[in-house]
Amino acid sequence: MEGNFTFHNPTRLHFGENAMDALARELGAFGPVVMLCYGGGSIKKNGIYDQVVGVLEAAGKKIVEDGGVMPNPTLEKLLDGAAKAKANNVDLILAVGGGSTIDYAKAVSVSAWCEEDPWQKYFLRFEEPECRIIPVGAVLTMAGTGSEMNGGSVITNRAANLKVGKVFGPAVYPKFSILNPRFTLTVPRRQMVSGIYDIMSHIMEQYFSGADDSTSDYIAEGLMRSLVVSSRAAVKNPEDYEARSNIMWTATWALNTLIAMGKTTDWEVHMLGQAVGALTDATHGMTLAAVSLPYYRMIKPYGLAKFVRFAKNVWGVAADGKSDGQIADEGLAALEAWMRELGVAMNITELGANAAMIPDLVKATFRLSGGYKQLTEDEVAEIFRQSL
Ligand code: NZQ
Ligand code: ZN
């Protein structure tokens with residue numbers, strides 16, 4: 001562990017089939033006005049909405065409805081929500097949904113009382129909030145982003161062709177999150193596998209950086225091994241509670257900052273994927289899957305030792321008699337085979353991108369320096385070409 005760090009994760013998590021029992025207790029800490037944020041209506045079909053409203057009403061809360069949070073929440077929606085939260089003097093924002101709804105709730109929480117343009121302040125200048133922050137609580141309905149226990153908030157600005165993630169400090173993390181794996185059983189299969197790939201990508205983004213032999217990397221390997229096992233079981237039988245609960249818990253630990261402690265991290269796959277998302281509005285995990293292999297194959301020579309370790313420790317590639325290059329290639333081949341088993345997107349064409357978009361995709365891609373190689377613009381373009 002080479003770096004100095006402070007680990008502080010203030011989110012209280014309630015996990016399991018009875019996790020919802022904690023909601024009434026948690027609500028006691030907040031004032032009477034609750035803004036109930038949710039997405040396009042899945043929670044009304046599967047009964048989660050009725051359960052949550054029942055608990056809010058029994059607790060005597062005044063509910064301010066704020067539905068219609070879209071996947072890849074937009075700046076327009078954020079500005080509307082912030083105005084609504086302010087006008088109603090909301091005491092708590094309760095996000096019921098996946099990463100989009102929780103990310104949106106965090107963005108509203110720091111924008112409602114913000115005197116500046118929140119897009120400029122948080123998503124372009126990456127500043128911390130100075131205004132009053134409305135507390136957020138979450139009921140998670142789909143596993144993937146880790147938003148339930150982190151400060152991440154990703155907002156899409158359609159006019160600017162940009163999708164940008166801001167990582168806020170602990171003051172913006174959900175105060176509590178309720179994780180009932182049963183709630184994820186109604187997630188459509190394509191969305192489930194997209195979430196699974198998102199989890200894998202979060203772990204790889206933190207793993208493929210640095211050369212030290214950190215505890216964080218060993219934890220990351222354990223999480224990846226667990227995810228491979230549970231994802232295979234879930235793809236075979238989506239009703240497998242054990243598998244779905246392991247996936248949900250892995251998602252949380254993949255991105256609650258623990259495995260980034262004491263080491264550098266990459267995040268370039270997310271930059272490439274977010275550019276695709278900004279231009280096509282494609283599902284987040286699918287955008288990551290579509291660009292991952294060309295990216296990792298390009299940077300592999302610059303971080304070969306880690307790719308060898310990945311092959312051996314995550315995929316069980318046998319090393320005997322093989323060169324490091326061969327072992328690393330076999331590791332990436334195992335990753336590819338697993339991705340095909342899941343049925344994630346293997347190129348950006350199937351997500352609606354085309355060759356003519358490449359200049360705009362390059363423009364929308366932030367080029368970070370934490371990985372094994374900072375990409376040039378030409379290399380970014382080459383990755384998108386190989387992802388077509
Ligand atoms: O909107 P509804 O009707 O609820 O349907 C949603 C949505 O269509 C559906 N869904 C969720 N739970 C369901 C369900 N359908 C049936 N049953 C359920 N139980 O699934 C669809 C996708 O939901 P969404 O919230 O968009 O998915 P996800 O959790 O993958 O979130 C994606 C967003 O999170 C951002 C992404 O960029 C994207 O905008 N990310 C946030 C991160 C963070 N906070 O740290 C990190 C990630 O890398 C990611 O960038
Ligand atoms: Zn992600």
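Begin at the boundary between the two domains of this predicted model, where the rule finds one salt bridge across the interface of domain 1 and domain 2. To frame the view, colour the protein chain by its domain assignment, with domain 1 covering 12-183 and domain 2 covering 189-387.

**The domain interface**

Place a marker at the C-alpha centre of each domain; the centres of domain 1 and domain 2 are 27 Å apart. Next, select the contacting residues on both sides: 27 residues of domain 1 meet 25 residues of domain 2. Between the two domains an area of about 2200 Å² is buried, and carbon and sulfur atoms contribute 62% of that area. On the domain 1 side, pick out Asn161, Lys163 and Pro181, which lose the most area to domain 2 and together account for 23% of what that side buries.

Now select Arg158 and Asp281. These two residues form a salt bridge, in which the closest N and O atoms are 2.8 Å apart.

**The zinc site**

Move to ligand 2, the zinc ion. Which residues coordinate the zinc ion? Display Asp198, His202, His270 and His284: the donors are OD of Asp198 and NE2 of each of the three histidines, at 2.0 to 2.1 Å. Along the sequence, the donor residues follow the spacing D-x3-H-x67-H-x13-H. Within this set, His202 and His270 link distant parts of the chain, being 68 residues apart. Show helix α7 (residues 189-207) to place His202, and helix α10 (residues 268-280) to place His270. Are these two histidines buried or exposed? Both His202 and His270 are buried.

**The nonpolar cores**

Select next the largest nonpolar core, which has 104 residues. Within this core, highlight Phe310, Trp315, Leu335, Trp338 and Phe384, the members that touch the most other members. Then show helix α11 (residues 284-299), which supplies the largest share of the core with 10 residues. With the domain colouring still on, note that both domains take part: the core draws at least three residues from each of domain 1 (12-183) and domain 2 (189-387).

Centre the view on Trp338 and display its surroundings. Leaving aside residues up to four places away in sequence, Trp338 touches Ile196, Tyr197, Met200, Leu227, Val228, Ser231, Arg232 and Trp315.

For the final stop, select Ile48, Val52, Leu56 and Val139. These residues are included in a second, separate core of 22 residues.

Key:
Residues are numbered from 1 along each chain as its sequence is written. Chains are lettered from A and ligands numbered from 1 in the order in which they are written. This is a predicted model: local features need pLDDT of at least 70, side-chain atom pairs count only at pLDDT 80 or more; totals for chains, interfaces and linings use all residues. Side-chain values use heavy atoms; hydrogens and water are left out. A nonpolar core is a set of buried Ala, Val, Leu, Ile, Met, Phe, Trp, Tyr and Cys residues joined through side-chain atoms within 4.5 Å. Buried means under 20% relative accessible area, exposed over 50%, partly exposed in between (1.4 Å probe, protein chains only). Helices (H or I, at least four residues) and strands (E, at least two) are DSSP runs, numbered from the N terminus. Domain bounds come from an automatic or database domain assignment. Contact means heavy atoms within 4.5 Å. Donors are N, O and S atoms within 2.8 Å of the metal (3.2 Å for Na, K and Ca); water is not among the atoms, so sites may look incomplete. Buried area is the accessible area (1.4 Å probe) that two parts lose on being put together, summed over both. A salt bridge is a side-chain nitrogen of Lys or Arg within 4 Å of a carboxyl oxygen of Asp or Glu.
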